[in-house]
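User: Please take me through the structural assignments in this model and set out the reasoning behind each one.

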Amino acid sequence: MKKTLDNLLLSLPKTSVLDVSIDKLDYAALDLSKANTALHTIDVSSSETLEYYINSHIKNNNAKVAFGGYLETRNIYQRSAYFKDANPETERNIHLGLDLWIAADTTIFSPLDAEVHSFKNNTNHGDYGPTIILKHTIDDIEFYTLYGHLSEASIENLNVGQTFKAGEQIATLGDASVNGDYAPHLHFQIIKDMQDYAGDYPGVCAQLDLEFYKRNCPNPELLLRLY
């Protein structure tokens with residue numbers, strides 16, 4: 001029977017995109033879904049306010065990193081015309097990656113051997129900002145990982161086709177001035193088919209398209225195994 005990407009990822013050793021010295025116990029799960037009533041009392045349209053909320057969550061959990069968000073339905077995108085839509089079925093508010101909330105300038109590492117597929121600074125309000133997409137080939141299976149909300153320096157001297165070994169630094173995180181106006185974090189996403197995108201790929205989808213994106217963008221937990 002042909003091995004699927006999901007089965008392949010599960011067969012690999014646990015990986016990391018942050019420093020491997022950060023223990024699993026130092027990661028605290030964070031709920032940014034619209035079901036989290038604590039978010040109803042703060043201005044989530046403000047990157048500063050949201051950063052304060054997230055940093056407080058990290059501190060209160062004696063953690064170093066907050067993480068989560070795969071397939072969360074979020075209200076935080078309503079501040080941006082890039083995502084907002086009057087029709088609930090076509091409004092893009094379902095998150096397709098896993099977010100790792102940690103300070104700007106934090107080093108990001110490739111979880112696997114890779115080559116650079118593409119990169120771009122996606123400058124829409126609420127977008128990724130500087131973004132890198134890596135291509136991986138294991139057991140004749142090709143797939144991609146996306147790294148969003150990076151620093152501008154991360155893409156300044158990058159080249160398509162450039163290779164990285166697993167555990168090698170690929171980037172650093174940006175701050176709100178360059179990362180789409182978010183609290184500093186990494187958007188990490190697995191993609192099966194890039195569909196001719198370059199330097200960009202939807203990280204948020206509408207309910208109408210959810211089934212397709214669930215198939216094309218598996219849960220990053222298959223690689224990171226933080227829960």
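**Assignments and their grounds**

Analyst: In this predicted model, Tyr-197 is partly exposed, with a relative accessible area of 34%. That value lies between the limits of 20% for buried and 50% for exposed, so the intermediate class applies.

User: Why does Tyr-201 count as buried?

Analyst: Tyr-201 has a relative accessibility of 0%. The limit for a buried residue is under 20%, and therefore Tyr-201 is assigned to that class.

User: What makes the aromatic pair of Tyr-197 and Tyr-201 edge-to-face?

Analyst: The ring centres of Tyr-197 and Tyr-201 are 5.1 Å apart, with 70° between the planes. A pair requires centres within 6.5 Å, and an edge-to-face pair requires planes over 60 degrees apart, so both conditions are met.

User: Why is the pair of Phe-212 and Tyr-213 called edge-to-face?

Analyst: Their ring centres lie 5.0 Å apart and their planes stand at 75°. The angle is over 60 degrees, so the pair is edge-to-face. Phe-212 is partly exposed at 31% relative accessibility, whereas Tyr-213 is buried at 12%. Ring pairs link Tyr-197, Tyr-201, Phe-212 and Tyr-213 into a cluster, and the structure holds six aromatic pairs.

User: How do you know that the span of helix H2 agrees with its number of residues?

Analyst: Helix H2 covers residues 47-60, which is 14 residues. The expected span is 1.5 Å times one less than the number of residues, so H2 should span 20 Å; its end C-alpha atoms are 20 Å apart, and the two values agree.

User: What places the buried residues of H2 on the same side of the helix?

Analyst: The buried residues in H2 are Ser-47, Leu-50, Tyr-53, Ile-54, His-57 and Ile-58. They cover an arc of only 135° around the axis, and therefore they lie on the same side of H2. An α-helix has 3.6 residues a turn, so residues three or four places apart point the same way. The buried residues of H2 pack against strands E1 (27-29), E2 (65-68) and E4 (98-101). The face turned away from the buried side carries the exposed residues Glu-48, Tyr-52, Lys-59 and Asn-60. Just after H2, Asn-62 takes a positive phi of about 50°.

User: Why are E1 and E9 called edge strands?

Analyst: Eight strands form an open sheet in the order E1-E2-E4-E11-E8-E7-E6-E9, with mixed pairing. E1 and E9 each pair on one side only, and they are the edge strands.

User: How do you know that strand E6 pairs with E7?

Analyst: Seven bridges join E6 (residues 114-122) to E7, and the two strands run antiparallel. Pairing requires at least two bridges, a condition that the seven bridges satisfy. Across this pairing, Phe-119 stands opposite Ile-132 in E7.

User: Two residues that are not glycines have a positive phi, Asp-139 and His-149. What makes one exposed and the other buried?

Analyst: Asp-139 has a phi of about 50° and is found in the loop between strands E7 (129-138) and E8 (141-148). Its relative accessible area is 53%, which is over 50%, so Asp-139 is exposed. His-149 has a phi of about 75° and lies in the loop between E8 and strand E9 (163-164). With a relative accessible area of 4%, which is under 20%, His-149 is therefore buried.

User: Why is Asn-93 called buried, and what is Asn-93 in contact with?

Analyst: Asn-93, in strand E3 (residues 92-95), has a relative accessible area of 11%; this is under 20%, so the residue is buried. Leaving aside neighbours within four places in sequence, Asn-93 is in contact with Glu-72, Thr-73, Arg-74, Tyr-77, Val-204 and Cys-205.

User: Which residues touch the most other members of the largest nonpolar core?

Analyst: The largest nonpolar core has 37 residues, of which Leu-100, Ile-108, Phe-143, Tyr-147 and Leu-186 touch the most other members. A second, separate core of 17 residues includes Ala-63, Tyr-77, Tyr-182 and Val-204.

User: What makes Asp-181 partly exposed?

Analyst: Asp-181 is found in the loop between strands E10 (169-172) and E11 (185-191). Its relative accessibility of 24% lies between 20% and 50%, and therefore Asp-181 counts as partly exposed.

Key:
Residues numbered from 1 in each chain as written. Predicted model: local features only at pLDDT ≥ 70, side-chain atom pairs only at ≥ 80, totals over all residues. Heavy atoms only, no water. Helix = DSSP H or I, 4+ residues; strand = E, 2+ residues; numbered from the N terminus. Buried < 20%, exposed > 50% of the residue type's maximum accessible area, 1.4 Å probe, protein only. Core = buried A, V, L, I, M, F, W, Y, C linked by side-chain atoms within 4.5 Å. Arc of directions from axis to C-beta. Contact = heavy atoms within 4.5 Å. Phe/Tyr/Trp six-rings, centres within 6.5 Å; stacked < 30°, edge-to-face > 60°.
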